[in-house]
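Please look over the structure below alongside these notes. They deal with a few side chains and the rings around them.

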Amino acid sequence: MKRFWRKSSFISIFIFIVFALVASNGITHRTLSTDIRQLQDCLNARSSGRYRDLNKVCPNTSQPIVSPTPLLPQIPDANLPEPQRFLSAIAHQLPTIPQPGTFEYILLRAYGAAFVNQQPEIKLPQKVILANEQETKAFQTTLTMGKVNGTNDCYLQKSAADAFNKAKSAARISLKSGYGGSDCTRTFATNLRFWRKYANNNTLERVRLGKETAILGVVAPPGASQHLWGLAIDLQVSSQVQRQALNKNGWFQTVENDVPHWTYVGLTEENLPLFGLKNKIVRGTTYWLIPL
C-alpha cells in the first residue's frame with residue numbers, strides 16, 4: 001500500500017513539473033516574442049526619425065537602443081544620364097527636387113554638389129536656400145562642429161573639419177584670410193553682408209529670372225551659401241601637393257570661377273563621376289560641377 005502511495009505521489013509530482021515547465025515555456029515564449037516586437041518597433045522608430053515616440057514604443061528602456069548597421073552608400077545606376085544620376089543621388093537629402101527654371105533650381109545647379117555627400121553624420125538642409133537668420137540658426141544648431149587646427153574661430157561640421165585637418169597635416173594649407181572666421185561656417189548675416197558687397201536687389205532679381213549667373217561664382221545669394229552648412233572653406237591653394245591632399249580627403253572645388261572656395265563632398269575623386277559630377281578645367285583650375 002505504501003508503495004502504491006509513493007508511486008502515486010511521484011506521478012503527481014512529475015505531472016506538476018511537466019505542467020509547470022510547459023506554462024513557464026509559454027510565458028517565456030510570449031515574453032520573448034513581446035520583447036522582440038517591442039525592440040523592432042523601437043528600431044523602426046529610431047531609423048525613421050520618430051524620436052518623440054520612443055517613450056511610448058519603448059517604455060522603461062534603460063539601455064541605449066542599438067540602431068541597425070548603416071547602409072552602404074547607394075551608388076546611382078551607371079546607365080542613367082549624368083543629370084538623372086545626380087538627381088537620384090541627392091533624392092535622400094532633398095525631399096523636393098527643385099523644378100527646372102526656378103530660382104531654387106538655379107541655386108542647386110550652382111551650389112548643390114555637397115548634396116551628394118553620403119556620410120551619415122553629415123547634415124544638409126532640406127532645401128537649397130535658407131529663408132532668414134532664424135531658419136539658418138535653427139539648422140546650424142543641429143550640427144556637430146569641429147575646429148580647424150591652427151585657427152582662431154574656423155569651425156566646420158566635424159567630419160569636414162577632421163578631413164581638412166588631415167589634408168592640412170599632409171600639406172601646409174592656409175585660409176584665404178589667414179586667420180579664420182568668415183572663411184569657414186558663416187551666419188546668415190555674414191552671407192548677406194558679402195552679397196551686398198558685390199551685388200544688390202536688382203542683381204538678385206536677375207538671378208531669379210535666370211538672366212544673371214556669373215555673380216554666383218563670386219558670391220552666393222543670401223541663404224544659399226555652402227558656408228551656412230558648415231561644408232565650405234575659403235583657402236589659399238597654389239600647389240598640386242595641396243590640391244592632392246585636399247582631394248584625397250574629400251575636398252573639391254565645386255563652384256565655377258570661385259577659386260578660393262572648397263566644398264566638402266566626402267567622396268574620392270574616382271567616385272565623383274559615379275554620382276553624376278563632371279570635371280571642367282577653367283584657367284588651369286579643375287572644378288567638379290553639377291550636370292544640370
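1. Begin with F164, whose relative accessibility is 0%, so this residue counts as buried. The model is a predicted one.

2. A search of the whole structure gives three aromatic pairs. In one of them, the ring centres of F164 and W251 are 6.0 Å apart and the planes stand at 75°, so the pair is edge-to-face. The two residues come from distant parts of the chain: F164 belongs to helix α6 (residues 158–170) and W251 to strand β5 (residues 251–252), with their positions 87 residues apart.

3. W251 is also buried, because its relative accessibility is 0%. W251 forms an aromatic pair with Y264 as well; here the centres are 5.4 Å apart and the planes 45° apart, a tilted arrangement. This pair joins strand β5, which holds W251, to strand β6 (residues 261–264), which holds Y264, and the two residues are 13 apart.

4. Is Y264 buried or exposed? Its relative accessible area is 4%, which is under 20%, so Y264 is buried. Ring pairs link F164, W251 and Y264 into a cluster.

5. Two arginines sit over rings. R208 has its charged end over the ring of F103, 4.4 Å from the centre. R193 lies over the face of F194, at 5.1 Å from the ring centre.

6. Q242 is in helix α9 (residues 240–248). Its relative accessible area is 10%, so Q242 is buried. The side chain of Q242 reaches the backbone nitrogen of S238 at 2.7 Å. Apart from neighbours within four places in sequence, Q242 contacts A171, R172, I173, Q236 and V237.

Conventions. Residues numbered from 1 in each chain as written. Predicted model: local features only at pLDDT ≥ 70, side-chain atom pairs only at ≥ 80, totals over all residues. Heavy atoms only, no water. Helix = DSSP H or I, 4+ residues; strand = E, 2+ residues; numbered from the N terminus. Buried < 20%, exposed > 50% of the residue type's maximum accessible area, 1.4 Å probe, protein only. Polar contact = N/O pair within 3.5 Å; in protein donor to acceptor, adjacent residues only side chain to side chain. Contact = heavy atoms within 4.5 Å. Phe/Tyr/Trp six-rings, centres within 6.5 Å; stacked < 30°, edge-to-face > 60°. Lys NZ or Arg CZ within 6 Å of the ring centre and 35° of its normal.
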